[in-house]
Structure formats: structure tokens, C-alpha cells
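Please open the structure in your viewer and keep a selection command at hand. The tour below proceeds stop by stop, stating what to select and what is found there.

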Amino acid sequence: GPGPPWIPHAVRLPSHHVTAGNWMLMLHGFAFGQYDWQQGPRGADQFGSLNWAMLMASRDVAGGRLQLRFMPSLDPLTVGDCGYPLLLQSGETCGGVPLVDRQHPHDFFMELGALYERPVTDNLAVLLYAAPAGEPALGPVAFMPRPSAMDEPQAPLGHHWQDATHISFGVVTAGLFTRTVRLEASAFNGTEPDEERWGFDPIALNSVSGRLTVNPNANWSFTAGYGWMENPERAVPEEATTRFVASAMHGRSLVGGQWASTLVYGRNAHENHEPSHSVLAETEAVLDRNTIFGRVEWLQKSAHDLQLETFPDELTFNVAAMSLGYIRELVGGKGVTLGLGARGTVNLVPAALESAYGSRTPVGAMIFLRVSPAFAPGGEMSMDDMGHDGHARRE
């Protein structure tokens, strides 16, 4: 994922690897061509494409490992400046107006940075990460390349409580790690990206965060992170936010695939407001030519988040969503696979929001074609082999 977070060593990301001289090159990414439909007076429908890629070039330098990283997305072109319909979603703006019931597009430069890791003893190493666009040490790996959500096209409703800082225009991170424990601290730009999606926002280091990660074995990864962010929401200027995020990730290999699951808790505390909370549980099983994925969320969103003008801005509502999806691989060749998929969501809103959403249980659905590198269990290198999973390489 963006930045240097750990994932369980037992799971893999579908990717291609080649060598070029002393460099190891890796390509990973997904492209979805989808039809998205969301029910009710706040819903909408849209044809579009969600997509992103990850390119890494890695080599040994001065007794350590240097990794150059680039993650682009064409979302601003393929789903537009205002993103795609998603009931109960909030965060960022379009045309100067807060986005609500839509997920914003990712910037073209999701990540452009460099990571350097070097051992100082047999059991201790140091890291330095710098990026004009990247992710600070705060939450778990972002949802797009997260093994439990990599085939899930839609963003979590708790994105801005958990992993929205995965695109930050200005990041410097330093850390120490052993084979099982990693401690990092970041200075970064805590203000969310602006509406100009193709270039770089002004680089700033106006916020700080820290993260502790423990990988006790190959199957588990636990994280806890805390951050202070200056004015993260452009629609609410001059308001600082503190964020606490904790997660547990589990992964295991299966015959013909793998099974990955994640539990995330996120808490935002704003100046002069009560804290709000979010919980996410998601899982994905890759079973030969079939993939099954699901997500359950509960979170608190304010009347301001949901742009409910008939309620006081600070009033908070408990909302939830449950989704289930399936993908069938249709064709594959030369390491690329095409899958046909569908997902459905049932949202749960309180009685006070029934008139706004037309139902206590508004639903959403998406059908899509997905193109990605073919998953080859046991045949592709894991993030650890790229010097990214965090475990010191045993040579």
C-alpha cells in the first residue's frame, strides 16, 4: 500500500515482477468498469471506471534496500470530478460544495515517494520514507491494496475515520523495526486534497502522527496509530482533528488462493465537538476462479457530514452498511485476468433519516468487469520479498 505499512506475510497481492539490472520491478493494480446504482432520493446511478496501479522499483543501496514508488489513478477522468454514487458517504468537496452520498475520486498522484530500509544490527533496522504524495504512519494499509478489500471496488463509509490520509501532499516518516515490531513517526500534510486532481497540492508538513505495528507471526498484523491533523476537512476551515486508528489483519493461504480479513476502529475528535467513532469488518476469499468478499460497517456521522439542513450540524446519527460481492474469473492470459462481478449493499439509517433517504434500509448495487494481474498462490513474491512487508530479509 502507499507508504510503508505492514500486512500479514501469509497473504499476497497479485502482481508481476521483473528484473532490470540491479533493480527489481513490480507492477500491481486493478481496473473496474462498473455500473453503480444507489436507491432513493439521495441516490443516483452512473457508468464509470475505478482504477489504480502501483509501480515499485527496488534495489540494494549502501547496505540497505531502496524502493521507489508510484501509484497513479485515472479516477478523475473515469468517474468525474464529483466521484461516484455511494449512499451515506461523506468527505472532500466538488465545486466548493461538500460531497455527500458520493465517494470522491482519487488524485492522479496517489503516491510518489521513496522508502529506504537498512539493518543496523541482526535484529534491528531503520527506515526513512519521503514523498511529495504519499501516506503517513497513522492507519492500516489503505483499502485499495488491502488484501481483504483488493477486489472490493467501493470505498468504506468510514474512509475519513480510518485511512483517508493515504493521499497526503507532503510526508516524511522515520522509524525503527525488528522482525516483528515496527515503530514509526511522521510529519505530513493533514489537509485533504483539493479539487484539482491531476497535479500536486502545495507541499506542507503541518501535522504529525505515530504508529505501532506488531506482526507476531505470518498470519497476523496489528496496528495502532494516533495523529494530529491541521484542518483536514476543507469544508470546515481552521478546525484541527485528532484521529486514533487501530486494526487487526489476518491472512492465510488456501488451496488455489487465500483468505484475508481486517477489523478496523477509527475515532475522530474535532475541536469543540464530541468524538465520532467507526468500526469496519471485512473479508475476502480467493478460491481458484471465484472470489467472495464482504464488508460490515457501523459509524457515527453528523448532520454536517450528511448535509442535513433540518438538523443542527453537530447532531450525530448512527448508521450502518452491510455488503456482499462475488467475482467469477472469465478469461486469463499472460498473467492478466478478466472477472465479472457484482456487489450489493443494505444500508441502515435511524428513523430520523427515513424521509431523507426514502427508507430505513436504502440499498445499492454494482455490476462490474475487473481487470487485474492473475493471482498465483505460492508463485508470486509477497510484499516481504520486495522488502516491504517489514520482516528483515533472511539471506
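**Aromatic pairs and rings**

Begin by selecting Phe32 and Phe368: both residues are buried. The model is a predicted one. These two rings form an edge-to-face aromatic pair, with 5.5 Å from centre to centre and 80° between the planes. Colour the chain by position to see that the pair links distant parts of it: Phe32 belongs to strand E2 (residues 23–38) and Phe368 to strand E19 (residues 363–373), 336 residues apart.

Next, select Trp220 and Phe222, an aromatic pair that is stacked, with centres 5.4 Å apart and 5° between the planes. Are these two rings buried or exposed? Trp220 has a relative accessible area of 33% and is therefore partly exposed; Phe222, at 34% relative accessibility, is also classed as partly exposed. The cut-off for buried is under 20%.

In total, 14 aromatic pairs are counted in the model. For a cluster joined by ring pairs, select Phe70, Phe108, Phe109, Phe169, Trp198 and Phe200. Then turn to Phe177, where the charged end of Arg182 sits over the ring, 4.7 Å from the ring centre.

**Two hairpins: E14, E15 and E16**

Select residues 257–270, which make up strand E14, together with residues 276–287, which make up strand E15. The two strands run antiparallel and are joined by 12 bridges. To find one bridge, display Gly266 and its partner in E15, Ser278. Five residues lie between the strands of this hairpin, and in the turn Asn272 has a positive phi of about 70°.

Extend the selection to residues 290–302, strand E16, which runs antiparallel to E15 and is joined to it by 10 bridges. Here Ala285 stands opposite Ile292 of E16. The hairpin of E15 and E16 has two residues between its strands, and Asp288 takes a positive phi near 60°.

**The largest pocket**

Where is the centre of the largest pocket to be found? Select Glu239, His270, Ser302, His304 and Asp305, which lie nearest the centre among the 29 lining residues. The volume of this pocket is about 550 Å³. Two or more lining residues come from each of strand E5 (84–94), E6, helix H2 (159–162), E14 and E16. E5 gives the largest share of the lining, four residues. When the lining is coloured by class, seven residues are nonpolar, 14 polar and eight charged.

Strand E6 merits a brief stop of its own. Select residues 97–103 to show E6, in which Val97 is found. Val97 has a relative accessible area of 49%, so this residue counts as partly exposed. A distance drawn from the C-alpha atom of Val97 to that of Thr241 reads 20 Å, and the two residues are 144 residues apart along the chain.

**The largest cavity**

Rolling a probe the size of a water molecule over the atoms shows where empty space is left. How many cavities of 30 Å³ or more does the structure hold? There are four cavities at or above that volume. The largest cavity has a volume of about 180 Å³. To reach this cavity, select His160, Ala164, Thr165, Glu192 and Pro193, the closest to its centre of the 22 residues that line it. The lining of the largest cavity comprises six nonpolar, 10 polar and six charged residues.

Notes. Residues numbered from 1 in each chain as written. Predicted model: local features only at pLDDT ≥ 70, side-chain atom pairs only at ≥ 80, totals over all residues. Heavy atoms only, no water. Pairing = 2+ DSSP bridges. 1 Å grid on protein atoms, 1.4 Å probe; cavity = no way out; pocket = protein on both sides within 12 Å on 5 of 7 lines; lining within 4 Å. Points joined across faces, edges and corners; volume = space filled by probe spheres on them. Nonpolar A, V, L, I, M, F, W, Y, C, P; charged D, E, K, R; others polar. Phe/Tyr/Trp six-rings, centres within 6.5 Å; stacked < 30°, edge-to-face > 60°. Buried < 20%, exposed > 50% of the residue type's maximum accessible area, 1.4 Å probe, protein only. Lys NZ or Arg CZ within 6 Å of the ring centre and 35° of its normal.
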